[in-house]
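The questions below walk through one protein model, starting with its strands and ending with the spaces inside it. Keep the sequence and the structure in view while reading.

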Amino acid sequence: IFQIRFDEKVMLWEPFSERFNQNYNLTRNIYKNFYGNKIIFEEIQNDLQLTFRYEWNSSNLFGFVKKSEIINNSNIDYNITVLDGIQNIVPQGVNSDLQSSTSNLVDAYKRNELHSKSGLGIYALSAIIVDKAEPSEALKANVVWSLGLNNPTYLLSSKQIPAFRKGLKLTDETDIKGEKGAYFISNELFLPQNSTEKWHIIANVNQNQSQVIQLTEFIIHDKTLESKIYDDIELGRQNLIALTASADGLQFTADKLIDTRHFANTLFNIMRGGIFDDNYQIGKKDFTQYLAKANSEVFENNRDFLLNLNDEFSYVELLAVIKNSEDQDLVRLCTEYLPLKFSRRHGDPSRPWNKFSINTRSEVDGSKILDYEGNWRDIFQNWEALAHAYPDFIEGMIFKFLNASTFDGYNPYRVTKGGFDREAIEPDNPWSYIGYWGDHQIIYLLKFLEFIEKYHPGKLNSYFEKECFVYAAVPYTIKPYQDILKNPKDTIEYSHSWEKKIIEERSKIGADGALIRSNEDEIYHVNFIEKILATVLAKMSNFIPEGGIWMNTQRPEWNDANNALVGNGVSMVTLYYLHRFLKMFQSILDSSDLETIKISNEMVEFYHEVRDCLVENEHLLSGKIDDQSRRNILDRLGKAASDYRLQVYNSGFWGKKRTHSMAGLKIFTKVALEFIEHSISANQRPDKLYHAYNLMSITTNGVVISNLSEMLEGQVAALSSGYLKANESLQILDALKNSSLYRADQNSYILYPNKDLPKFLEKNNIPKSSIENSTLLKKLLATSNQSIFNMDCKG
């Protein structure tokens, strides 16, 4: 806030506020730099030709740095009283839940102190807020201090701000209790024409007493403190550039905006999926800690192997050393190890689990932290791009993907360095829900498989017989097929008894305790072909001819806007990608010299029934499939999956593998592709676009498919399916331009047509004629039963 004096006038200017500014001619701007680590807010007072701007930077050593400046572009000299600072400073020890639920109580515990000699504000709790009958001192604080204004007045709260706006004199605040924290500095400035005044406010968190004392000494005695701050900001910039450049984020073209966009895209990508610490180099300390936490038994059994490792070694060397190891869990865990850092979870910030914390250094000893975590679709989507910068890590990415998926062909919702997480039932948490998203297993895995075949041709074939893959144990039990038919929106139960076993096993050996075990109580191992089959069969067993993949696992696909489709929705999007997936699978099968492959006995029965069902109904592909035939196919496929799941849920894996012919696999892939291609053709709209999602209804006469409006993801998936010819792809692109998805004002597309939705009083109205045609509704109305509908005063 500025009190500006000239020509015996006093004008009050409060930039970025609507107070007192209604009669001013103002211009506001916001800027960020190329690398995205600096942001500037600017307001220009055109009447007085004054500009105020402040810039936010971050410093690893000093915290958040706010640089403020006021510029006089006029030919008038101004006398100015300035007040600048930060409001609502929360003390150390107050988390978001505590602040959100009991902020008034938190205020009562606040104490804001001024270290007068240095001008440093200390914001701490008078005691840790707990309800235990024990002393709990608050021994850390958040701090704010300033440079640039000589002997300013210091305020530790906002109590005197109204007085300043009225032109009253301020008094120093040195100790404020029970009030929201603030840090303001105020001083008199003489601002001659065409001159500038600058000052800085610096804030940091989680400081102990020794750190606070050291900082006050720096502020009082170190005349080079400002340059040290800017040197550290510059070091941070260089480190950020290095991180992004290591993922190929730097480019130089004739268009600076394109270069900026590319840098930002790459930066955001590595902030989600992480970036490799030192190219392909691995530190022995972090690797051994990872292995010990993953599986203590493997760790103990391979101590000699670990002792012989150098302090630093490459990922390529590690894979070469374990290549002939007979310990398949060691092979798996070594291959899965990815030395990533700078990763955070991604998602809607309104959701309580998204804290956006990137842990780079230990607060205990300052050592670097290698860690990553992310929601399934986000982290693998980010790794898809990262693989182009670090192609030799593609095996580890594939192993991590496959080994975190379940025997029934789905995946838990989050992947971490230490394994994977699942959603659990929490009765009092409205965000708590369980289920499997349906699209992640196909397209993200496919991108990895396509990449490795280009970079390491034939590599996948080497895993056909190696049993170095496992199944994730997620305590969800998908209900039997007949129960799914009765209520396709309620299809998964949470097994608390299974959860208990997983927790017990994890406490014994580590993260690998969350893997499926055989009846001999050992981690159950399978080969690459079986893992792929688990994924494919999960989709094909929910295949509805001419409809798509039935979404019956209590979650939608990638877009949460599709929540309402769960249960009755059928995805053509996943079917388009499944076509491309099976074409890829077909090509790697054709390139193999193997004549037989071993698959778990339980899965062989499942696989045979799905294959036989498709082969026996292949004659239906000559024309349109009727509703009853569609139901017959769905029933048979669904029952096959249900029998397989129940067998494993109830009895586990027997542990025996059955030899199966590769020729049979090729037949299955071929006939599955024929059914998929038939369905793709059936889902072309008259306008040459393709249906994205359909609705299915089960009737006495079969399964009826009805279409929804056009959606952008359907066109993207169809174009990516590998099914369309070039001219057919052009037809889609032309049709898109003429569709309601096109925004001419932006020369771009929207996800769904902009519909004119009914107003509140127009929604959910049942015509009186419909009531009269329903025996149930007439009976409910006659008995005044309002459990599912009610009648308004107009009838």
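**Strands, helices and cavities**

Q: How many bridges join β18 to strand β19?
A: Strand β19 covers residues 414-416 and runs antiparallel to β18. Strands are DSSP runs of E with at least two residues, helices are runs of H or I with at least four, and both are numbered from the N terminus; two strands pair if DSSP finds at least two bridges between them. The count of bridges joining β18 to β19 is 3.

Q: What kind of model is this?
A: Residues are numbered from 1 along each chain as its sequence is written, and side-chain values use heavy atoms, with hydrogens and water left out. Local features need pLDDT of at least 70, side-chain atom pairs count only at pLDDT 80 or more, totals for chains, interfaces and linings use all residues, and the model itself is predicted.

Q: Which residue in β19 stands opposite Asn-375, and which are the edge strands of this sheet?
A: The sheet is open, with 3 strands in the order β18-β19-β20 and antiparallel pairing. Asn-375 faces Arg-414 in β19. Two strands pair on one side only, and these edge strands are β18 (373-375) and β20 (419-421).

Q: What is the order of the open sheet of 9 strands?
A: The pairing in this sheet is antiparallel. The strands that pair on one side only are the edge strands β3 (26-32) and β12 (175-177). From one strand to the next, the twist averages 15 degrees. The order is β3-β4-β5-β6-β14-β10-β9-β8-β12.

Q: Which residue in the hairpin of β3 and β4 takes a positive phi near 75 degrees?
A: β3 and strand β4 (residues 39-45) run antiparallel and are joined by 7 bridges. One pair of bridge partners is Lys-32 and Ile-39, the latter in β4. Between the strands lie 6 residues, and the one with the positive phi is Gly-36.

Q: Which residue in the turn between β4 and β5 has a positive phi of about 55 degrees?
A: β4 and β5 pair over 7 bridges in the antiparallel sense. Phe-41 has Tyr-54 in β5 as its bridge partner. The two strands form a hairpin with 4 residues between them, and the residue in question is Gln-49.

Q: Which residue in β6 is the bridge partner of Leu-50?
A: Strand β5 (residues 50-59) and strand β6 (residues 63-72) run antiparallel, with 10 bridges joining them. For Leu-50, the bridge partner in β6 is Asn-72.

Q: Which residues in β14 stand opposite Ser-68 and Leu-147?
A: Strand β14 (residues 195-207) runs antiparallel to β6, to which it is joined by 9 bridges. Strand β10 (residues 141-147) also pairs with β14 in the antiparallel sense, over 6 bridges. Opposite Ser-68 stands Trp-199, and opposite Leu-147 stands His-200.

Q: How are α17 and α19 set relative to each other?
A: The axes, lines fitted to C-alpha atoms over the stretch in contact, of α17 and helix α19 (residues 601-616) come within 11 Å and cross at roughly 45 degrees. The crossing is left-handed, meaning that the near helix is turned anticlockwise from the far one by less than a right angle. Angles under 35 degrees count as roughly parallel, over 145 as roughly antiparallel and 65 to 115 as roughly perpendicular; the two helices are therefore oblique.

Q: How many cavities of 30 Å³ or more are found, and how much space lies in the largest?
A: A cavity is a set of points on a 1 Å grid where a 1.4 Å probe fits but cannot get out, and lining residues have an atom within 4 Å of a point. Volume is the space filled by probe spheres set on the points. The search of the whole structure finds 4 cavities, and the space in the largest is about 100 Å³.

Q: Which elements each supply at least two residues to the lining of the largest cavity?
A: Of the 14 lining residues, the closest to the centre are Gly-438, Lys-539, Ile-549, Trp-550 and Met-551. By class, the lining has 5 nonpolar, 6 polar and 3 charged residues (Ala, Val, Leu, Ile, Met, Phe, Trp, Tyr, Cys and Pro count as nonpolar, Asp, Glu, Lys and Arg as charged, the others as polar). The elements are α17 (528-540) and β24 (548-550).

Q: Which element gives the largest share of the lining of the second largest cavity?
A: About 70 Å³ of space lies in this cavity. Its lining includes Tyr-410, Asn-552 and Arg-645, and divides into 5 nonpolar, 6 polar and 1 charged residues. The largest share, 4 residues, comes from α20.

Definitions and conventions
1 Å grid on protein atoms, 1.4 Å probe; cavity = no way out; pocket = protein on both sides within 12 Å on 5 of 7 lines; lining within 4 Å. Axes fitted to C-alpha atoms, helices over the stretch in contact; angles between N-to-C directions.
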